[in-house]
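User: I've got a model open and I'd like to go through the labels people put on it. Can you take me through the reasoning behind each one?

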Amino acid sequence: LRLAVELAETCVAGAHATESGLAPEIWHPSLGGNSGGDQVGGSARLGIRDADAFSLLRPETVESLFYLWRVTGNDKWREHGWRLFESFSRHAKLPEGGYAAVEDVRQVPVRHRDKMESFWLGETLKYLFLLFDDQVGR
């Protein structure tokens with residue numbers, strides 16, 4: 001469980017470290033030195049290459065938060081999930097309806113890709129719903 005907690009906290013910190021609060025598709029954390037990326041905290045750095053700075057609104061972090069909340073009962077996982085949901089709503093939601101992938105999570109205002117992956121609806125939103133559904137037993 002300790003490893004799961006550490007991995008989830010790293011994913012959350014990586015998302016929160018970007019200007020948009022969304023995680024990039026790929027990031028390269030390292031300890032010490034300058035990896036050419038954004039500061040995450042302490043001596044750890046979040047290295048985001050230009051080609052990897054987009055977000056497809058993937059579900060893996062939110063899914064992890066849901067399972068950790070179910071296993072531990074610790075509401076901090078819900079708080080992290082809510083913060084991610086707010087970032088999705090603020091930066092991936094389209095004024096005309098729907099959501100779209102973000103071209104570069106480091107830039108606000110964001111530019112959207114003309115694409116919404118099916119896993120956004122089928123997984124990301126599902127796990128956000130389950131994370132906040134009080135009917136789901138622990």
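Analyst: Sure. Helices here are DSSP runs of H or I with at least four residues, numbered from the N terminus. With that numbering, Pro-109 falls in the loop between helix 3 and helix 4. Keep in mind that this is a predicted model.

User: What makes Pro-109 count as exposed?

Analyst: The label exposed is for residues over 50% relative accessible area. Pro-109 has 71% relative accessibility, so it counts as exposed. While you're at that loop residue, its C-alpha atom is 9.7 Å from that of Arg-90, and the two are 19 residues apart along the chain.

User: Now the helices. Why are helix 2 and helix 4 called roughly parallel?

Analyst: Look at the angle. The axes of helix 2 (residues 60-72) and helix 4 (residues 118-132) cross at roughly 25° and come within 8 Å. Angles under 35 degrees count as roughly parallel, and therefore this pair gets that name. As for handedness, helix 2 passes helix 4 in a left-handed crossing.

User: Which residues make that contact, and how do they divide by class?

Analyst: Helix 2 brings Val-62, Glu-63, Leu-65, Phe-66, Tyr-67 and Trp-69, while helix 4 brings Thr-124, Tyr-127, Leu-128, Leu-130 and Leu-131. By class, the contact of helix 2 with helix 4 has nine nonpolar residues, one polar and one charged. Phe-66, Tyr-67 and Tyr-127 also turn up in a cluster linked by ring pairs.

User: What makes helix 1 oblique to helix 2?

Analyst: Again, it's the angle. The axes of helix 1 (residues 2-16) and helix 2 cross at roughly 140° and come within 10 Å. Roughly antiparallel needs an angle over 145 degrees, and roughly perpendicular runs from 65 to 115. The crossing fits neither, so helix 1 is oblique to helix 2. This crossing is left-handed. In the contact, Ala-4, Val-5, Ala-8, Cys-11 and Val-12 of helix 1 meet Thr-61, Leu-65 and Leu-68 of helix 2. That contact has seven nonpolar residues, one polar and no charged.

User: And how do you know that helix 1 and helix 3 are roughly parallel?

Analyst: Their axes cross at roughly 30° and come within 11 Å. The cut-off is under 35 degrees, and therefore helix 1 and helix 3 are roughly parallel to each other. Helix 1 passes helix 3 in a left-handed crossing. The contact is between Val-5, Ala-8, Glu-9, Val-12, Ala-15 and His-16 on helix 1 and Lys-76, Trp-77, His-80, Arg-83 and Leu-84 on helix 3. Split by class, the contact of helix 1 with helix 3 comes to six nonpolar, two polar and three charged residues.

User: On to the rings. How many aromatic pairs does a search of the whole structure find? And why is the pair of Trp-82 and Phe-132 edge-to-face?

Analyst: The search finds seven aromatic pairs. For Trp-82 and Phe-132, the ring centres are 5.8 Å apart and the planes are at 85°. Rings pair if their centres lie within 6.5 Å, and planes over 60 degrees apart count as edge-to-face, so this pair is edge-to-face. Trp-82 is in helix 3 (residues 76-91) and Phe-132 in helix 4, so the pair ties together parts that are 50 residues apart in sequence.

User: What makes both Trp-82 and Phe-132 partly exposed?

Analyst: Partly exposed sits between buried, under 20%, and exposed, over 50%. Trp-82 has 44% relative accessibility, so it counts as partly exposed. Phe-132 has a relative accessible area of 30%, so the label is partly exposed there too.

Definitions and conventions:
Residues are numbered from 1 along each chain as its sequence is written. This is a predicted model: local features need pLDDT of at least 70, side-chain atom pairs count only at pLDDT 80 or more; totals for chains, interfaces and linings use all residues. Side-chain values use heavy atoms; hydrogens and water are left out. Axes are lines fitted to C-alpha atoms, for helices over the stretch in contact, and angles run from 0 to 180 degrees between N-to-C directions. Helices (H or I, at least four residues) and strands (E, at least two) are DSSP runs, numbered from the N terminus. A crossing is left-handed if the near helix is turned anticlockwise from the far one by less than a right angle, and right-handed if clockwise. Contact means heavy atoms within 4.5 Å. Ala, Val, Leu, Ile, Met, Phe, Trp, Tyr, Cys and Pro count as nonpolar, Asp, Glu, Lys and Arg as charged, and the others, Gly among them, as polar. Rings of Phe, Tyr and Trp (its six-membered ring) pair if their centres lie within 6.5 Å; planes under 30 degrees apart count as stacked, over 60 as edge-to-face and the rest as tilted. Buried means under 20% relative accessible area, exposed over 50%, partly exposed in between (1.4 Å probe, protein chains only).
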